[in-house]
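Reader: I am new to this structure and would like to know what stands behind the words used for it. Please show it and explain.

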Amino acid sequence: MSFAEGQGAEAGVGGRHICTPLTITYALSSYKSYQLHLREREKMVASLEAGAVVMQAAKVWWWSGNELQLTNFMMRTGLMLNNKPHSAAHIVRLNDCKLPSIEPMLKRFRHRGVSRYTPILCYKASIRCSRTSGFTNCQRIQCYNAPAAEFFHDDKAPQDHVLPSNSREDATKYFDFVVIGSGIAGLRYALEVSKHGSVAVITKAEPHESNTNYAQGGVSAVLCPLDSVESHMRDTIVAGAYLCDEETVRVVCTEGPDRVKELIAIGASFDYGEDGNLHLAREGGHSHRRIVHAADMTGREIERALLKAVDNDLGITLFEHHFAIDLLTSQDGLEIRCHGVDTLNTETNQVIRFLSKVTLLASGGAGHIYPTTTNPLVATGDGIAMAHRAHAVISNMEFVQFHPTALAEEGLPIKPVDRENAFLITEAVRGDGGILYNQSMERFMPMYDDRAELAPRDIVARSIDDQLKKRGEKFVFLDISHRPKYKILSHFPNVTAQCLRYGIDITKQPIPVVPAAHYMCGGVRAGLHGETSIKGLYAAGEVACTGLHGANRLASNSLLEALVFSQRAIGPSVAACKAAGSDLSIGRGPDMWAWPIVPRPLSQGALSQIMQKTRSLRRQLQEVMWDYVGIVRSTERLEKAKRRLREVEGEWEGYLFRWGWGPRMVGVEACEMRNLVCCAKLVVRSALARHESRGLHFTVDFPHVEESMRLPTLIFPSSTVDVTWSTQQLHKHPSWSLD
C-alpha cells in the first residue's frame, strides 16, 4: 500500500485497494483537529485497516470496524481531537440510508468532551479505485460541506491549534521513501524506488548543490579489455592501506561497469575517443586507464542528467531548501527504527516533518569542519551527525582525505573575493602528466614515492605538507604546461577557465596548489546493501562508510561507490516498504516526537548576537581542526583538540542558552554548528583510538603500520559519552524553552 501523492481533490486510499460503494455517510469532525489530516494532503495518507476508506474530496472517513479499532487506528496515525487519543471516536459509520437527527449525535460527542464540530454530508456515490503509479486514485464524489457556523452554538469560530513553529496541519508529509540529499546516490536511488512508491527528495539548498556537482575527475570502472576487476580491486586495496573490506571492494569493482552503462542510458554524456569508445583517463593510484569522464566537469554532467530524469518522474517530489534537523526514531528493546526526518524549510522558516517507511541518508560529507575545503557550503556533516544522535554505528572517522591540489589563493595574481570553497585541481591533471614542484621549481615527489605524482592522495598530500613545513612556504606548483595546448584545453576546460579568472594561464604557467579537506572516508556504517544499524535507515555516498575506501579513497571511486550502493539498497528498501504495509508510522503518530521550534519569541537583537557568536566559534572550531587534526597528527595535539572542542562547544551552548535559545529551537547556522561540533568530535575520538599510522591517519607518535590495528574504527552508541546539545536528538531535550 503506497502513501503517495494525491491528485487534487480526487485522491484517496483504500486499505485493501477495494472501495465499497457508499450509500449515505454522515461524519462529524472537530474543527480544531480533524482537519489536521484532511486539509493538506499533498500526500494523501493514512494507515488503514479493517476496510477503512478515506475520501479527501468529501473529507469523509468511513470505517467498517468497531469503535475500539477506530480509536487505536487514530492513535497510531495521530488523527486526534485536541491531541487527545481517547477523544478519537468522532467519526461514525451509519449502516442505514436515513440521515439521522443531529442532536443525538451532538449529545454523544459532548459526552466525550467535544464541543464543536463540522458536519459533512456525503450523498450516494459509487467510488471506483484503480492502482496506478504506486497509489490509488478514486473517482470524485459529490459532497456538501455544511458551513461550520450552522453548527456552532456561539458566533465565534474556533481557532486552529497553534504549533510552536507552524500549523501542524500543514507540517507533516507522508511518503513511502524519503531521500535526504540530491547528489548522485540520492537521485539514482530515488529514480528506482519511485517505481514502487512515493518518494520525497529533501535537499538543503538548490538540488544541484551537492558534492557530486563539484566532482571533476570521473567514475572509475573496468571498461577497457586490457583492464580487469582484479586490477581495480588491487589498486583500491593498496590505496586504502589494506584496511578495505575485500568483499565490498569486489562487489563495487564487479558491478561498477553496469552502473556506468545505466548512467549513460539515463542520459549522461561522457567523452569519447577517436575510436568511438569511451575516453578513459588515468589518475593517481590507478594502474590502468579506467576513468570515465566528461572533460573535467563529470559530476556536473551526471547531476544534470539525473536531475532531468527526476524532474520527469511523477513519483518523485523534490523539496528544495529543506534543512534536515534530526531523524525521527523509536526504540523497542535493542532495536531502533527510523520513521522519517524533521526539516526546516529555510525559505518559509517552517518546520516540516516527513514520515516514511524507508529513509535513505545521502547527504554527503563534512568538509567544513576544516577552514579550507573543496566541498560546497552544504557539506557540514548533517547526515553523519543526525545518524550519530540517532544511535547509528559510526566508522573510520579518523580518515579525512585532503586533496593534494586545491588552488592556493596565496599564489594567485588575482585574489578570489569571498570564495565559498577551495577550487579543486582535478587528479586527472597529474594523471595526464602534471608535475609537482616546490617554489624553487625543484621536483620533489620522486623523493617520497616511486610512483611520484601518481602515488595515492594520502602520500601526495603528506609530501606537499612536508615540503611546505620544511621550506616555510604556503603553496607548491603543479605544472601541466609542457603538454600540448590543444590537449590541455580539451581535457581541462573548467580548470583552464577558473585559473584564467585569477591570472594563471595553465598552458604557459604552473598552478599554485595546496592540500585542502576533500572527502570523508568514514561515516555511517553501512552493509553490502546500504543497511545501517537502524531499521528502516539506509546510507549511500559519502555519508556512508561501506568499507570500500579503507584508510584512503582511490581517485574516482567515490562516484562509483555511490552508484553501486544506491542500487544495492533498492531491493531491501522496497521489501521493507512492503513489509510496513499500510501502517506508515509503524504505530507512531506524527506527534509522538516533540516538535522543533523556530525561535520567533527571541528578539532580533538576541538572534543577531547568537548568530554572530556562532560564526565566530565556527571559525575557531575549523582552526582547531586544521591546527591539531590535520594531515600530520600527534597524540598531544589530538588531546589538545579534544579539550579545545569541548571548550568551544561549552562556550557556544552556554551563550545560546543565556540569550534565550531553547534546546528544541532550530535555525540553519545553529544546526550546522551543532553538526560540525558533533562530526569534529567524532574525528578526534576516532583518531585518538588508532595507535598506528595508516593511510590518511598519520601520527608522529605511532609512525608505522601495526598489523594488529588493521581493523575499522567503530563508534557504538554509548550512554557514557557526555550528552550535549550537539550529541542528542532535539525531541529528546527537555522543553523548558520558549514554546
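Author: What follows covers two helices, a core and one further helix.
This is a predicted model, in which local features need pLDDT of at least 70, side-chain atom pairs count only at pLDDT 80 or more, and totals for chains, interfaces and linings use all residues. Residues are numbered from 1 along each chain as its sequence is written, and side-chain values use heavy atoms, with hydrogens and water left out.

Reader: Why are α17 and α18 called roughly antiparallel?

Author: Helix α17 (residues 635-658) and α18 pack at an angle of about 155°. Angles over 145 degrees count as roughly antiparallel, therefore α17 and α18 are described that way. Their axes, lines fitted to C-alpha atoms over the stretch in contact, are 10 Å apart. The crossing is left-handed.

Reader: Which residues make the contact between α17 and α18?

Author: Contact means heavy atoms within 4.5 Å. Among the residues making it are L638, L645 and W652 of α17, and M673, V677 and V684 of α18.

Reader: What makes a set of residues a nonpolar core?

Author: Its members are buried (under 20% relative accessible area, 1.4 Å probe, protein chains only). They are Ala, Val, Leu, Ile, Met, Phe, Trp, Tyr and Cys residues joined through side-chain atoms within 4.5 Å. The largest such core here has 81 residues, and M625 and W661 have the most contacts inside it. Helix α18 (residues 668-689) gives the largest share, 13 residues.

Reader: What does M625 touch?

Author: Not counting residues up to four places away in sequence, M625 touches I369, Y370, G630, L645, A680, V683 and V684.

Reader: Which elements do the buried residues of α5 pack against?

Author: They pack against β11 (219-220), α6 (246-266) and α14 (557-568).

Key: Buried means under 20% relative accessible area, exposed over 50%, partly exposed in between (1.4 Å probe, protein chains only). Helices (H or I, at least four residues) and strands (E, at least two) are DSSP runs, numbered from the N terminus. Axes are lines fitted to C-alpha atoms, for helices over the stretch in contact, and angles run from 0 to 180 degrees between N-to-C directions. Angles under 35 degrees count as roughly parallel, over 145 as roughly antiparallel, 65 to 115 as roughly perpendicular and the rest as oblique. A crossing is left-handed if the near helix is turned anticlockwise from the far one by less than a right angle, and right-handed if clockwise.
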